[in-house]
Amino acid sequence: MTTSIRHIAKLAGTSVSSVSRVLNNSGYASPELRERVETAIRTLNYTPSKGARMLRGAPSRMIGLMLPSIDVPFFGILAHTIEQELFQRGYQTLICSTAENMEHEARYISMLLSQRVDGVIVASAFGSIEHFGVFRDADIPIVAIDRELNGIADDAIMADHEEGGRLMARHLLGLGHRSIAIVGAPSHSQPVQLRLRGITAEMAESGVSPAAVGMADEHSFAAAYGLATEVLASRPDITAIIGTSDISAIAVIHAIQDRGFSVPRDYSVIGFDDLPETAYVFPRLTTVAQPIREVGQRATRRLEALIRDHQMGHEPAAGAIVRVPVALIERDSTGPVRS
């Protein structure tokens, strides 16, 4: 396991910020504190990482923003919101679109370290997140967004995905639907997994199981369209389909209409996100709205607070996992189960 300044702080019986002051020779540290920290450093055989050494000096006023893909409308809106919020606060944003590729993530991490970023906001596409530990080891403030980074970031800001899944299922069940399929992507996405958990839990409480679940690795219209076509052909008994995102739900509507059926007369369809497109697709999409801009604004404010505490040598306030409430938006794509 890589030794970090958190380990040094624990052994020395002091705070991370105090260790940082000693390492960076910035701010006051009593001789007794300095001795304890230096003893802990020798005991743990700690060598500051390249990133930590480079961060000694004036703030860069640059922030790293790592997202799985900015050509997905949700992440495009999120990136725009965060960039504008940071710009108003005097920061430049280095936007890194990792294409849901772990090698790309690793290369962007190295780049952000070399650019001496003051902090990072991260939405990782994968369950394996150990490579983000270099930010923690370099004492760079980090906030997770749209998903958690357990063991890496103490702070995460996201929509309440699980409750959103429950809202989707509850709405369809309330309309009398019992044969409900689920179509979406990507299967490895933490938010999608949480939505699935909420959907299946809500259905189970009504004694219902999903009639079919089609999940793709790629988050795209084409992938969801193909899955919807397969579900419709294999399960003629279904009356409703849940799209795990708005893009998936819109693809489902196209697949239904291309087979000569109607929404919501023959099939009800519901999505998740409330992207601008949902009000213009025909029929207008019923969806669960997640507050994309609020999530971005909250993450920005929290990161700024962490950076301020870090630069002043203060211990930051305890981190928290913030789940922002979601809401059902009823439009025209859902209706009572057909008789």
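1. A polar contact is a pair of N or O atoms within 3.5 Å, and within protein one of the two must be able to donate a hydrogen while the other must be able to accept it. In this model, which is a predicted one, such a pair involves Asp-155: a polar atom of the Asp-155 side chain lies 3.3 Å from the backbone nitrogen of Ala-320.

2. The surroundings of Asp-155 deserve a careful look, beginning with its place in strand S5, which covers residues 155-159. Asp-155 has a relative accessible area of 5%, and because buried means under 20%, Asp-155 counts as buried. When neighbours within four places in sequence are left aside, Asp-155 is in contact with Val-143, Ala-144, Arg-302, Leu-306, Gly-319 and Ala-320.

3. Taken as a whole, the chain has 12 helices and 12 strands, and its C-alpha trace spans about 80 × 40 × 30 Å along the principal axes. Of its 339 residues, 54% count as buried, while the area that the chain exposes is about 14,700 Å², of which carbon and sulfur atoms supply 52%. Among contacts between residues at least 6 apart in sequence, 73% join residues at least 24 apart.

4. A good element to trace by eye is the open sheet of six strands, whose order is S7-S6-S8-S9-S10-S12 and whose pairing is mixed. Strand S7 (212-215) and strand S12 (327-329) stand at the edges with a single partner strand each, and therefore one side of each has no neighbour in the sheet. On average, and with direction ignored, neighbouring strands of this sheet are turned by 20 degrees against each other.

5. Within this sheet, strand S9 (residues 268-273) pairs with strand S10 (residues 286-289) in the parallel sense, over four bridges, and Ile-270 has Thr-286 in S10 as its bridge partner. Helix H8 (residues 161-174) packs on the sheet, where it touches strand S6 (180-184), strand S8 (240-243), S9, S10 and S12, and its direction makes about 165 degrees with that of S9. Helix H11 (residues 246-258) also packs on the sheet, touching S6, S8, S9 and S10, with a direction that makes about 160 degrees with that of S9.

6. Which residues of S6 point one way, and which the other? Ile-180, Ile-182 and Gly-184 point one way from the strand, whereas Ala-181 and Val-183 point the other way, and all of them are buried. This agrees with the count for the strand, since five of the five residues of S6 are buried.

7. The partners of S6 can be followed through Ile-182. S6 runs parallel to S8, to which four bridges join it, and Ile-182 has Ile-242 in S8 as its bridge partner. S6 also pairs with S7 in the parallel sense over four bridges, and here Ile-182 stands opposite Val-213. Together, S6, helix H9 (residues 190-205) and S7 make a right-handed β-α-β unit.

8. Leu-227, which has its place in helix H10 (residues 221-234), brings another helix into the picture around S6. Leu-227 counts as buried because its relative accessibility is 14%, which is below the cut-off of 20%. Leu-227 and Ile-182 are 45 residues apart in sequence, and 9.6 Å apart in space from C-alpha to C-alpha. Not counting residues up to four places away in sequence, Leu-227 touches Val-183, Gly-184, Gly-214, Met-215 and Ala-216.

Notes: Residues are numbered from 1 along each chain as its sequence is written. This is a predicted model: local features need pLDDT of at least 70, side-chain atom pairs count only at pLDDT 80 or more; totals for chains, interfaces and linings use all residues. Side-chain values use heavy atoms; hydrogens and water are left out. Two strands pair if DSSP finds at least two bridges between them. Helices (H or I, at least four residues) and strands (E, at least two) are DSSP runs, numbered from the N terminus. Axes are lines fitted to C-alpha atoms, for helices over the stretch in contact, and angles run from 0 to 180 degrees between N-to-C directions. Contact means heavy atoms within 4.5 Å. Buried means under 20% relative accessible area, exposed over 50%, partly exposed in between (1.4 Å probe, protein chains only). Accessible areas come from the Shrake-Rupley method with a 1.4 Å probe; for residues, only the protein chains shown count as cover. A crossover is right-handed if, with the strands pointing away from the viewer, the path from the first strand over the helix to the second runs clockwise.
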